[in-house]
Amino acid sequence: MKKLVALLLGGTFLWGCTAAFAVLPAGADSAAAGSQAVQATVVGRPAPQPLVSRPPADQIQTLAPGVCYYPISGRTWQDEPLKGHVLEVDPGQALLEVRVAVGGDALGRKETLSRLAARHGAVAAVNGGYFDPSSGHPIGSLVQDGRLLATSGILRTSVGITGDNRVRFGYFAPRVTVRPGDGEPLVAAGVNTSPVAGGITLYTPAWGERAGSAGDGIDVVVRPETEKSSRYIVSEIGYGGSPIPRDGYVLTFRGEAAAQAAVLAVGTPVDVQFDWGAGWEGLKHLVTAGPLLVDEGQPLLQAIMEGFRGSVLEPAPRTAIGVDGQGRLLLVEVDGRLKEWSAGVTLEELAYLMADLGAVRAAALDGGGSSAMWVKGRLVSRPSGGRERELANAILVLHQVPVYLNGERLFFDVPPLMDNGRTLVPMRRIFEVLGAEVSWNEETRTVTATRGERTVSLALGQKEAVVNGKTLPLDAPARAVEGRTMVPLRFVGEALGAAVTWQDNPLAVIIEQ
């Protein structure tokens, strides 16, 4: 039997071709971590009858270039019905993107998968990592677009996605340091979490308007020295619950750590650094989930070692993410707790199911009532509770031209599309983000946008537009797509006073105003 050994090498990772596995980071307390600090274990039973198999080619639906979907069905080891859904994603396709999305675009907010996927113009989506149902905050770490949104000391398998859509698995223990001037660096014990007793907690704008709890600890507010400066300084000192600058941070010192705040007087230059750790280079998105299910094609029995106990080990709805031998991403959802439809699976069964589907590496995502899959405008999974649960985060599959306004990514419910080399975007959304007032004349099927002294009118299907009373040719006519009026981005952007440029590598449209 193949033996998987996880070695403690000063916080470094053991790497396969596309994924990493690790145990405790250097200096971690193995006694405190309990059973999470042991090596992965290959399932010891002989391989049973496959739970499911890949369906015939005529049952596989292509959603977008490089994205396929198909349903699966079978019987569990207890001879109960099993039904689920699979997405196969080729990470190398142009304009294809796998990303983490956050409910309501903020920590602590929740949103159904259907709503979250639809407003991003996703091709498909599944639920993401674990979260506290009362607060909506992640249980574990969360990274989005290369920004660390939250950390946790929990040692469970995290799933990372790089900028080229490659998936990595391992324990995630980022190091966040704050260096005052030329002094010794201070280490933050947590990011965007409840204030750490006796430690330093870093708060970013993702947390909300104010840091920690009012009147609890010493706050050091850090912001850029000038409006466009990359140099940070201490701007003020507070005493709990300080406002978080939109372009800066708040450091909260509690208990014995409060004495360390003395080196951060107002005006002190500060360097804040985020180090993902070995093996996570190129990381763009990440959720903490677990347990690890498959390595080198072998199912693993690791749930208890990652701290899972009790009823969570029983058959339930499940979601998993994996990579097959061709490097394709597998997103899998299994319905459960629906006796006549699908009973669900145990984590051990899920490990075998992922191996049956060709995964060489795989991990579980959140499960139970959170398990869900959305495909091309509809929820294909069946919620175990009878209706969709609101989620804190999700994993989306997008196929669209990225559009950025002043450095911030824009998303559209109908994604941007290409028409003879021109990028078309939903009319109302682009006009609104550019600060224009929009009106629609149903009789003439004409939209008019006004921003300051600039006015633009476009009639559906026409190759001309009226800008401040002057008729000008359009580089692409406005047209209706999925109930939305799509307009040429460059023309309308520039007509309303914005600078619009096309970026070749990576492909993107950049708007500055």
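This passage describes two open sheets and one nonpolar surface patch in a predicted model.

Strands of a sheet pair through backbone hydrogen bonds, and the pairing may be either parallel or antiparallel. In one open sheet, 5 strands follow the order 6-30-8-27-28, and the pairing is antiparallel. The edges of this sheet are taken by strand 6 (96-102) and strand 28 (378-379), each of which has a single partner strand, so that one side of each is left without a neighbour in the sheet. Further inside this order, strand 8 (residues 124-127) is joined by 4 bridges to strand 30 (residues 393-399), the two running antiparallel, and N127 stands opposite A394 of strand 30.

Another open sheet, also of 5 strands, has the order 35-36-37-38-39, again with antiparallel pairing. Here strand 35 (437-441) and strand 39 (470-473) are the edge strands, since each pairs on one side only, and the twist from one strand to the next averages 20 degrees. Strand 39 pairs with strand 38 (residues 464-467) in the antiparallel sense over 4 bridges, and K470 in strand 39 is the bridge partner of V467.

Apart from the two sheets, a surface feature may be described. The residues I237, Y239 and V266 make a nonpolar surface patch of about 310 Å². Of these residues, V266 lies in the loop that runs between strand 19 (249-253) and strand 20 (269-275). The relative accessibility of V266 is 54%, and V266 therefore counts as exposed, the cut-off for this class being over 50% relative accessible area.

Technical notes. Residues are numbered from 1 along each chain as its sequence is written. This is a predicted model: local features need pLDDT of at least 70, side-chain atom pairs count only at pLDDT 80 or more; totals for chains, interfaces and linings use all residues. Side-chain values use heavy atoms; hydrogens and water are left out. Patches are made of residues with over 30% relative accessible area and no salt bridge: like charges are joined within 9 Å, nonpolar side chains (Val, Leu, Ile, Met, Phe, Trp, Tyr) within 5 Å. Accessible areas come from the Shrake-Rupley method with a 1.4 Å probe; for residues, only the protein chains shown count as cover. A salt bridge is a side-chain nitrogen of Lys or Arg within 4 Å of a carboxyl oxygen of Asp or Glu. Buried means under 20% relative accessible area, exposed over 50%, partly exposed in between (1.4 Å probe, protein chains only). Two strands pair if DSSP finds at least two bridges between them. Axes are lines fitted to C-alpha atoms, for helices over the stretch in contact, and angles run from 0 to 180 degrees between N-to-C directions.
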